[in-house]
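Please open the model in your viewer and keep the selection panel at hand. The stops below go from the ligand outward.

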Amino acid sequence: MPGESMQQCARMPESLETLISQADLQDRIESLAEEIRRDYGDQQMLLVGVLKGSYLFLADLSRRLGGNVAIDFVQTSSYGAEKSSSGVVQIRKDLDINIEGQNVLLVEDIVDTGLTLTHLRELLSVRKPNSLKVVSLLSKPEARVHQTQIEYVGFEIPNAFVVGYGLDYSERYRNLPYIAILRPE
Ligand code: PRP
């Protein structure tokens with residue numbers, strides 16, 4: 001919604017339709033954490049959250065993983081205030097930690113076109129981590145333009161505009177504890 005103020009946005013009639021309930025989200029995160037912990041065993045891992053959308057998923061996943069976990073963040077942006085990708089990934093914040101030799105697990109809220117993840121995989125793999133895997137809470141296979149590997153997927157969802165549990169529309173709705181489809185009315 002470029003050019004519109006938050007107040008104008010807030011007056012636009014929109015409706016939310018629950019796609020994934022809070023309980024279903026939490027159950028799936030629990031089973032993802034068990035699967036990841038089984039795969040990594042006692043090895044140290046570095047969780048890299050992709051801001052801003054992954055902040056709630058990273059918080060819940062990391063608490064369930066327990067064990068030997070370090071945390072860092074990158075921030076990218078390709079959507080700005082719009083509903084569709086600009087096609088250009090900007091790195092707004094790079095990692096603080098040197099990842100050479102580390103077992104890096106990138107934590108994404110959603111893989112849509114695959115542009116962001118493709119870019120991040122390239123950026124991080126040249127820094128010589130011991131391993132580089134990806135966990136994404138959501139994946140939209142129908143929207144994929146850039147094919148990219150995702151080792152752990154929470155839910156495959158239809159090609160609809162979704163908000164909640166970290167995902168926004170013009171910075172709103174990130175704090176919903178569930179995932180919803182946002183429709184203009
Ligand atoms: C969203 C999301 C992913 C990316 C996925 O981030 O968090 O990082 O888009 O889309 P893609 O597969 O088409 O690249 P966004 O740029 O909207 O920033 P945000 O997380 O701060 O909302």
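What follows is a short tour of the ligand site and of one strand residue.

This is a predicted model, in which local features need pLDDT of at least 70 and side-chain atom pairs count only at pLDDT 80 or more, while totals for chains, interfaces and linings use all residues. Residues are numbered from 1 along each chain as its sequence is written, and side-chain values use heavy atoms, with hydrogens and water left out.

Select the ligand and the residues near it (a heavy atom within 4 Å): 18 residues surround it, the closest being E108, D109, T113, G114 and T116. By class, this shell holds 5 nonpolar, 7 polar and 6 charged residues, where Asp, Glu, Lys and Arg count as charged, and Gly is among the polar ones.

Next, show polar contacts (here, pairs of N or O atoms within 3.5 Å). An oxygen atom of the ligand lies 2.6 Å from a side-chain N or O atom of D109, another such pair, at 3.1 Å, involves D168, and R174 has one at 3.2 Å. Of the 500 Å² of accessible area that the ligand has on its own, the protein covers 93% (Shrake-Rupley method, 1.4 Å probe).

Now colour by DSSP runs (helices H or I, at least four residues; strands E, at least two). β3 (69-77), β5 (103-111) and α4 (115-125) each supply at least two shell residues, and β5 gives the most, with 4.

Finally, select V111 in strand β5, which counts as buried at 2% relative accessibility (buried means under 20%, with a 1.4 Å probe and protein chains only). Beyond its neighbours within four places in sequence, V111 has contacts (heavy atoms within 4.5 Å) with residues including L117, L138, R144 and I150.

Methods:
A polar contact is a pair of N or O atoms within 3.5 Å; within protein, one must be able to donate a hydrogen and the other to accept it, and residues adjacent in sequence count only if both atoms are side-chain atoms. Buried means under 20% relative accessible area, exposed over 50%, partly exposed in between (1.4 Å probe, protein chains only).
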